[in-house]
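Student: I should like to learn how to read the features of a protein structure. Might we work through one together?

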Amino acid sequence: MIFKLHFRGAILVAAAITGLVTLASPARADRCDDSAKELANQVDRLKVNFRAANVVYLTHPLAKELSVACRGDKYSIELYAKGDRKPKPEFFALVGSMAAIVFTVTKDDTTTGATRCLKRMGLLRGDKVAMRYRRLNMECTRTKTDASIAITRGKDE
């Protein structure tokens with residue numbers, strides 16, 4: 001009888017402590033949500049569309065698709081943008097400004113890296129180009145109708 005009382009008391013104390021800890025700790029937003037909100041606040045005409053799993057989808061008139069993803073197998077955060085097959089300078093500036101905000105690198109560096117990656121695709125190098133610029137991994141792909149760029153930073157960086 002005494003054993004049951006001590007066991008019940010220990011369970012109640014543990015439950016009370018767990019409840020206090022969960023109530024006392026502040027709610028933490030995901031890094032993707034924070035990055036998406038910051039992008040929407042700082043880039044003109046950019047809107048947060050919806051969130052699915054660990055990907056936040058965005059919309060902008062210059063891009064066909066935009067997204068920010070977190071916690072992949074080999075990366076900590078990824079920025080993906082898809083535009084026309086022959087991107088305009090405004091698209092390069094959009095991708096550069098978004099990458100500068102997400103990865104905290106200067107806008108000039110990210111714009112230069114995105115421009116180099118997207119312009120390297122062609123007859124000699126093919127429709128898929130992977131490069132590294134300023135500790136960012138960039139992978140550009142091109143189809144008959146559009147071109148896309150995925151910018152990531154590895155987990156160990």
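Tutor: Let us begin with the packing of two helices, bearing in mind that this is a predicted model. Helix 3, residues 89–103, packs with helix 4, residues 107–120, at an angle of about 130°, and their axes are 8 Å apart.

Student: Which word describes helix 3 in relation to helix 4: parallel or oblique?

Tutor: Angles over 145 degrees would count as roughly antiparallel, and 65 to 115 as roughly perpendicular. The angle here is about 130°, and that makes helix 3 oblique to helix 4. The crossing of helix 3 past helix 4 is right-handed.

Student: Which residues meet where helix 3 and helix 4 pack?

Tutor: From helix 3 come Phe-91, Phe-92, Ala-93, Val-95, Gly-96, Ser-97, Ala-99 and Ala-100. They meet Lys-107, Thr-110, Thr-111, Ala-114, Thr-115, Leu-118 and Lys-119 of helix 4. Sorted by class, this contact has eight nonpolar, five polar and two charged residues.

Student: How does one check the span of helix 3 against its number of residues?

Tutor: One multiplies 1.5 Å by one less than the number of residues. Helix 3 has 15 residues and should therefore span 21 Å; its end C-alpha atoms are 21 Å apart, which agrees. The 14 residues of helix 4 should span 20 Å, and the end C-alpha atoms of helix 4 are likewise 20 Å apart.

Student: How many residues of helix 3 are buried?

Tutor: A residue is called buried when its relative accessible area is under 20%. By that test, 12 of the 15 residues of helix 3 are buried, and the helix is mostly covered. Among them are Phe-91, Leu-94, Met-98, Ile-101 and Phe-103. Just after helix 3, Thr-104 takes a positive phi of about 50°.

Student: What do the buried residues of helix 4 pack against?

Tutor: The buried residues of helix 4 are Thr-110, Gly-113, Ala-114, Thr-115, Cys-117 and Leu-118. They pack against helix 3 and also against strand 5 (128–133), strand 6 (136–142) and strand 7 (146–154).

Student: Is Ser-148, which is found in strand 7, buried or exposed?

Tutor: Ser-148 has a relative accessible area of 8% and is therefore buried. Beyond its neighbours within four places in sequence, Ser-148 is in contact with Tyr-80, Ala-81, Lys-82, Leu-118, Glu-139, Cys-140 and Thr-141. One of these, Leu-118, is also among the buried residues of helix 4. Distance in sequence and distance in space should be read separately. Ser-148 and Tyr-80 are 68 residues apart in sequence, yet their C-alpha atoms are 7.3 Å apart in space.

Student: What is the relative accessible area of Val-48, a residue of strand 1?

Tutor: Strand 1 covers residues 47–52. The relative accessible area of Val-48 is 42%, so this residue is partly exposed. Not counting residues up to four places away in sequence, Val-48 touches Ala-36, Ala-40, Val-56, Tyr-57 and Leu-58. Val-48 and Ser-67 are 19 residues apart in sequence, and their C-alpha atoms are 9.2 Å apart.

Student: How many helices and strands does the protein have, and in what order do they run?

Tutor: There are four helices and seven strands. From the N terminus on, the order is α-α-β-β-β-β-α-α-β-β-β. Of the 157 residues in the protein, 39% are buried. Among contacts between residues at least 6 apart in sequence, 42% join residues at least 24 apart.

How values were computed
Residues are numbered from 1 along each chain as its sequence is written. This is a predicted model: local features need pLDDT of at least 70, side-chain atom pairs count only at pLDDT 80 or more; totals for chains, interfaces and linings use all residues. Side-chain values use heavy atoms; hydrogens and water are left out. Axes are lines fitted to C-alpha atoms, for helices over the stretch in contact, and angles run from 0 to 180 degrees between N-to-C directions. Helices (H or I, at least four residues) and strands (E, at least two) are DSSP runs, numbered from the N terminus. Angles under 35 degrees count as roughly parallel, over 145 as roughly antiparallel, 65 to 115 as roughly perpendicular and the rest as oblique. A crossing is left-handed if the near helix is turned anticlockwise from the far one by less than a right angle, and right-handed if clockwise. Contact means heavy atoms within 4.5 Å. Ala, Val, Leu, Ile, Met, Phe, Trp, Tyr, Cys and Pro count as nonpolar, Asp, Glu, Lys and Arg as charged, and the others, Gly among them, as polar. Buried means under 20% relative accessible area, exposed over 50%, partly exposed in between (1.4 Å probe, protein chains only).
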